[in-house]
Amino acid sequence: MKTHNNFKNLAEIPIKYEWSFADKTIKHTAYITHGVYTYPAKFIPQLAAKIISEYSKENDIVIDPFMGSGTTVVEAMVNNRIGIGTDINEIAVLLAKVKSTPINCELLESEYSNLISGLQYKLNTCFTKELAIAKKHINLPDRVDYWFKPHIKDKLIIILHNILKVKNTDIKDFFLIIFAQILKSCSIWLQKSVKPTRDLTKKEIDPLAKFEWQAKKVLKKFNDFNSIISHQTNIEKYRTVQNSDARDLPCGARKATLIVTSPPYVTSYEYADLHQLPSLWFGFLEELAVFRKKFIGSSSRERNKIKLKSKIAENIVAELGSNKKSREVENYFADMLESFIEMKRVLKKGGKAAIVIGNTKLKGVEILNAEVFKEQFENIGFKTHDIIHREIPSKMLPSTRDSKNGKFTKTTNDKKSLVYPTEYILIMEKK
Ligand SMILES: C[S@@+](CC[C@H](N)C(=O)[O-])C[C@H]1O[C@@H](n2cnc3c(N)ncnc32)[C@H](O)[C@@H]1O
């Protein structure tokens with residue numbers, strides 16, 4: 001039988017359909033706390049869970065250095081592993097913490113009722129006085145005015161101020177995530193767009209009504225989560241979520257059994273831009289340009305001059321020519337290599353790094369992320385244990401490849417070129 005070693009071109013590796021989870025609906029993928037917030041490019045939990053159960057055992061340490069919304073950390077806990085996650089984005093860290101913290105549901109519901117009744121009174125009966133008090137505590141950057149109409153912003157200020165007064169930190173953080181989730185709908189950000197585009201004709205919604213709607217939708221999720229992990233009483237023992245760089249993991253050398261992660265992509269979109277609304281409101285963002293620099297894959301990153309340790313990467317950079325894009329791609333591969341070196345430090349001998357990654361195209365050049373990562377891992381002391389080629393099922397129509405730029409597109413009449421996008425799970429073993 002042909003193994004991954006026999007394929008020069010990874011695209012020829014047969015697709016393993018058991019890794020597609022095509023039968024899973026939103027009900028499955030948003031189970032327990034997974035549906036609390038819409039985080040871009042998140043894993044489906046079933047994918048993380050399958051990797052975790054195949055490549056680790058109970059009580060092992062499982063790490064996600066680019067944890068995003070914390071899917072890996074939650075699934076590690078659900079499967080009785082110890083979950084560790086880092087992300088450079090503070091919103092991600094707050095979200096991962098909320099998703100992985102069991103909250104006493106009776107207390108949560110009573111705090112929720114108190115918050116809502118207090119807010120109804122303040123917004124309807126003594127708005128001006130409350131706004132003046134709230135404004136003394138909440139300082140927002142000017143950029144907030146670019147995204148929010150003044151009267152909506154004022155209501156949001158009162159809501160946020162009252163959330164910040166909640167004493168129980170876990171409950172306060174839960175409300176903050178609900179608040180973060182409603183910001184896009186309350187703003188004039190074009191609702192269907194992930195890019196920062198204004199829609200001056202957007203229909204207004206009432207922030208408190210939206211907050212209540214969103215909170216009610218997810219309150220019950222914590223009951224489900226609590227019942228699954230009720231035996232894990234000392235939560236700090238089972239999970240660590242930290243705001244740090246993927247190249248600085250909160251784990252000792254040779255302690256972890258498994259890494260499960262989907263890294264950022266080079267300039268596919270600016271993660272920083274996607275998170276700017278909650279980051280503005282929570283004071284995580286002073287300067288958009290400074291904020292962007294922290295994200296691997298951003299076009300604003302500082303130059304990283306370490307050697308790429310990949311001939312394939314060097315060829316891609318050369319093919320792109322001498323321009324800004326090629327420097328961004330080179331930088332991206334250098335940053336990723338540093339994160340792989342950190343993964344090597346924390347993994348035990350025989351431990352695995354499972355990297356979920358797809359290939360892309362820039363300026364007509366194939367950006368073979370999977371091939372490059374495999375080569376980089378092999379050059380720093382890993383061997384390839386397996387490569388899983390999986391389809392990314394979409395509930396919408398399958399895509400087609402544009403014959404000129406290779407990008408996935410939905411607009412074609414040519415039924416023969418229909419394909420589902422695919423990606424790889426590289427299973428790299430530390431030698
Ligand atoms: C594809 S997303 C991960 C999504 C995640 N698998 C989930 O289920 O939500 C990639 C993440 O990498 C993070 N990231 C970018 N640069 C980083 C860095 N230097 N260190 C740590 N995380 C970083 C981004 O903030 C983003 O959350």
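Colleague: What makes you say that domain 1 and domain 2 are in contact, and how many residues take part on each side?
Modeller: In this predicted model, contact means heavy atoms within 4.5 Å, and by that criterion 11 residues of domain 1 are in contact with 10 residues of domain 2. The bounds, which come from an automatic or database domain assignment, are 4-92 + 235-272 + 296-430 for domain 1 and 105-228 for domain 2, and the C-alpha centres of the two domains lie 32 Å apart.

Colleague: Which conventions stand behind such values?
Modeller: Residues are numbered from 1 along each chain as its sequence is written, and side-chain values use heavy atoms, with hydrogens and water left out. The model being predicted, local features need pLDDT of at least 70 and side-chain atom pairs count only at pLDDT 80 or more, whereas totals for chains, interfaces and linings use all residues.

Colleague: Why is helix 4 called largely enclosed?
Modeller: A residue is buried at under 20% relative accessible area, exposed at over 50% and partly exposed in between (1.4 Å probe, protein chains only); 9 of the 10 residues of helix 4 (residues 90-99) are buried, so the rest of the structure largely encloses this helix. Among those buried residues are Ile91, Leu94, Lys97 and Lys99, and the buried residues of helix 4 pack against helix 3 (71-78), helix 9 (169-186), helix 10 (207-228), strand 3 (239-242) and helix 13 (276-281).

Colleague: What is found at the start of helix 4, and what makes it a polar contact?
Modeller: A side-chain oxygen of Asn89 comes to within 3.1 Å of the backbone nitrogen of Ile91. A polar contact is a pair of N or O atoms within 3.5 Å; within protein, one must be able to donate a hydrogen and the other to accept it, and residues adjacent in sequence count only if both atoms are side-chain atoms.

Colleague: How do you know which residues surround the ligand?
Modeller: A residue counts as near a molecule if one of its heavy atoms lies within 4 Å of it, and 23 residues surround the ligand, the closest being Tyr39, Ser69, Thr71, Asp87 and Ile296.

Colleague: Which side chains place polar atoms by the ligand, and at what separations?
Modeller: A polar side-chain atom of Asp87 lies 2.6 Å from an oxygen atom of the ligand, while a polar side-chain atom of Asp245 lies 3.2 Å from a nitrogen atom of the ligand. In the side chain of Ser262, an N or O atom is 3.1 Å from a ligand nitrogen. The protein covers 100% of the 600 Å² of accessible area that the ligand has on its own.

Colleague: Why is Asn304 called buried or exposed?
Modeller: The relative accessibility of Asn304 is 11%, and therefore Asn304 counts as buried. Asn304 is placed in the loop between helix 14 (288-293) and helix 15 (311-320), where a polar atom of its side chain lies 3.2 Å from the backbone nitrogen of Ile306. Leaving aside residues up to four places away in sequence, Asn304 touches Arg247, Asn331, Ala334, Asp335 and Glu338.

Colleague: And why do Glu236 and Lys309 get the labels they have?
Modeller: Glu236, in helix 11 (residues 235-238), counts as exposed because its relative accessibility is 55%. Lys309, in the loop between helix 14 and helix 15, has 41% relative accessibility and so counts as partly exposed. Lys309 also has a positive phi of about 55 degrees although it is not a glycine.

Note on methods: Accessible areas come from the Shrake-Rupley method with a 1.4 Å probe; for residues, only the protein chains shown count as cover. Helices (H or I, at least four residues) and strands (E, at least two) are DSSP runs, numbered from the N terminus.
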